[in-house]
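Please load the model in your viewer and keep the sequence panel open beside it. The stops below go from single residues to the whole chain and then to helix pairs and loops.

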Amino acid sequence: MEGRDTQRLLPREMVWLYPLAPLAAAPLLVDGLLSMSWKEALLQLAGICVPFASLSLTIHLLYLTVMPRLVRHIRSRAAETLLHVATITGVSVVVAVAVHPVKELLCQHPSMLMDFSVTCIIISSIFVLPALTIQRLRNRALAVERQAQAERQAALRAQLEALQARIHPHFLFNSLNLVATLISEDPELAERTLERLADLFRYALESSKVRLVPLQREVDIVRDYLAIQQVRYGRRLETSVELESRAAHVQVPPLLLQPLVENAIIHGLASRQQVSVHVRVRLEDERVLLDVQDDGPGPGASEHRGSQTSLSDLHARVRLLYGERGAFALEPAPGGGCMARLALPAGAAA
């Protein structure tokens, strides 16, 4: 749509001006119009409207179809102006010759064809030349806005890539520490854990190349992550993951849930021997809700003082991708603990 708009030569509003202009100009073009009988006045108005309608329709169709292709091949503003003047003059003369007999019949007042042709040229120039200037300024403004939008999108992609780059090391290095002690203690369990970790690595690397993933895939990765953490903490960690079937195919940015789950485990076990972490994903009122709830100390009460980088980066990603349509909040959970909630529109990100 924007591409077609910047190729327009005449404003869209001209189609409303064509039927109104001859009526408004009639008192200036016909002497004594207001003192005529209604029948004679109607004939005079018809004598004005028919030529004007023919002239405006011809010029508008020409500027809608043929002229944009001709103007694209002209590089000089002077040559373009000359083309417009020649087109308006030529069309006005041709239409004047064609409709002059009809105009004479309706008005019942003889007029010279030359005078009528000059009148058509003047009227066409008064309407078309300013309209061309207005649309040229509009096209220039649209081109500037489109360029600014492209720059904003490029900046947005750069910001998102920077945030992703900060998430990956944080996520991967912490995951490596989870299986470091398993190799000598339980080789079979270490093998299964490393398979899950390999899937996590693959997902983390792929997340820098894709913008959206199905929620089913995001939840599967969280299950793998929790399985690895379960190996590390054993009975100290209780987990559950619930995914509503209707939400499984909703597309979301990758690595949304994992930082929330990791944050819940770290802060929940900072001052306690045991923590429960529950993940719930569902659709509600055209939004997808991603909840991570724990029974730890609650927001702001944890003894663990991290950098808060993962959550601040997550909040920044949601804001950049969804604007006001997305929301992220940390709040006290019912019965104690912390509830981290992402509320996103159940559609593609912006």
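**Starting at the cysteines**

Select Cys120, which counts as buried because its relative accessibility is 5%, a value under the 20% cut-off for buried residues. Then move to Cys338, which is likewise classed as buried, here at 11% relative accessibility. Bear in mind throughout that this is a predicted model. How many disulfides does the count come to? The count is 0, where a disulfide would require a pair of cysteine sulfur atoms within 2.5 Å.

**The whole chain**

Now zoom out and colour by secondary structure, which comes to 11 helices and 7 strands. The chain has 350 residues, and buried residues make up 41% of them. If you draw a contact map and keep the contacts with a separation of 6 or more, residues 24 or more positions apart account for 72% of those contacts.

**Helices α8 and α9**

Select residues 187-206, which form helix α8, together with residues 215-233, which form helix α9. The axes of α8 and α9 come within 10 Å and cross at roughly 140°, and the crossing is left-handed. To see the contact, show the side chains of Leu189, Thr193, Arg196, Leu197, Asp199, Leu200, Tyr203 and Glu206 in α8, which meet Arg217, Glu218, Ile221, Asp224, Tyr225, Ala227, Ile228 and Val231 in α9. The residues of this contact divide into 9 nonpolar, 1 polar and 6 charged.

**Helices α9 and α10**

Keep α9 selected and add residues 257-268, which form helix α10. What is the angle at which the axes of α9 and α10 cross? They cross at roughly 25° and come within 9 Å, which makes α9 roughly parallel to α10, since angles under 35 degrees are counted that way. Seen as a crossing, α9 passes α10 in a right-handed sense. On the α9 side, the residues to display are Glu218, Val219, Val222, Tyr225, Leu226, Gln229 and Tyr233, and they meet Leu257, Gln258, Val261, Glu262 and Ile265 in α10. The residues of this contact divide into 8 nonpolar, 2 polar and 2 charged. Glu218 and Tyr225 deserve a separate highlight, as they appear among the α9 residues that meet α8 and also among those that meet α10.

**Leu269, after α10**

Follow the chain out of α10 and select Leu269, which is placed in the loop between α10 and β4, the strand of residues 275-284. Is Leu269 buried or exposed? With a relative accessibility of 10%, Leu269 counts as buried. Leaving aside residues up to four places away in sequence, Leu269 touches Tyr233, Arg236, Gln274 and Val275, and one of these, Tyr233, is also an α9 residue in the contact with α10. A distance label between the C-alpha atoms of Leu269 and Gly296 should read 7.4 Å, although the two residues are 27 residues apart along the chain.

**The loop between β4 and β5**

Finally, go to the loop between β4 and β5, the latter being residues 287-294, and select Asp285 there. Glu286 is found in that loop as well. Most residues other than glycine have a negative phi. Asp285, however, has a positive phi near 55°, and Glu286, which is not a glycine either, has a positive phi of about 65°. Switch on the surface to see both side chains: Asp285 is exposed, with a relative accessible area of 67%, and Glu286 is exposed with a relative accessible area of 70%.

Notes:
Residues numbered from 1 in each chain as written. Predicted model: local features only at pLDDT ≥ 70, side-chain atom pairs only at ≥ 80, totals over all residues. Heavy atoms only, no water. Axes fitted to C-alpha atoms, helices over the stretch in contact; angles between N-to-C directions. Helix = DSSP H or I, 4+ residues; strand = E, 2+ residues; numbered from the N terminus. Parallel < 35°, antiparallel > 145°, perpendicular 65-115°, else oblique. Left-handed = near helix turned anticlockwise from the far one by under 90°. Contact = heavy atoms within 4.5 Å. Nonpolar A, V, L, I, M, F, W, Y, C, P; charged D, E, K, R; others polar. Buried < 20%, exposed > 50% of the residue type's maximum accessible area, 1.4 Å probe, protein only.
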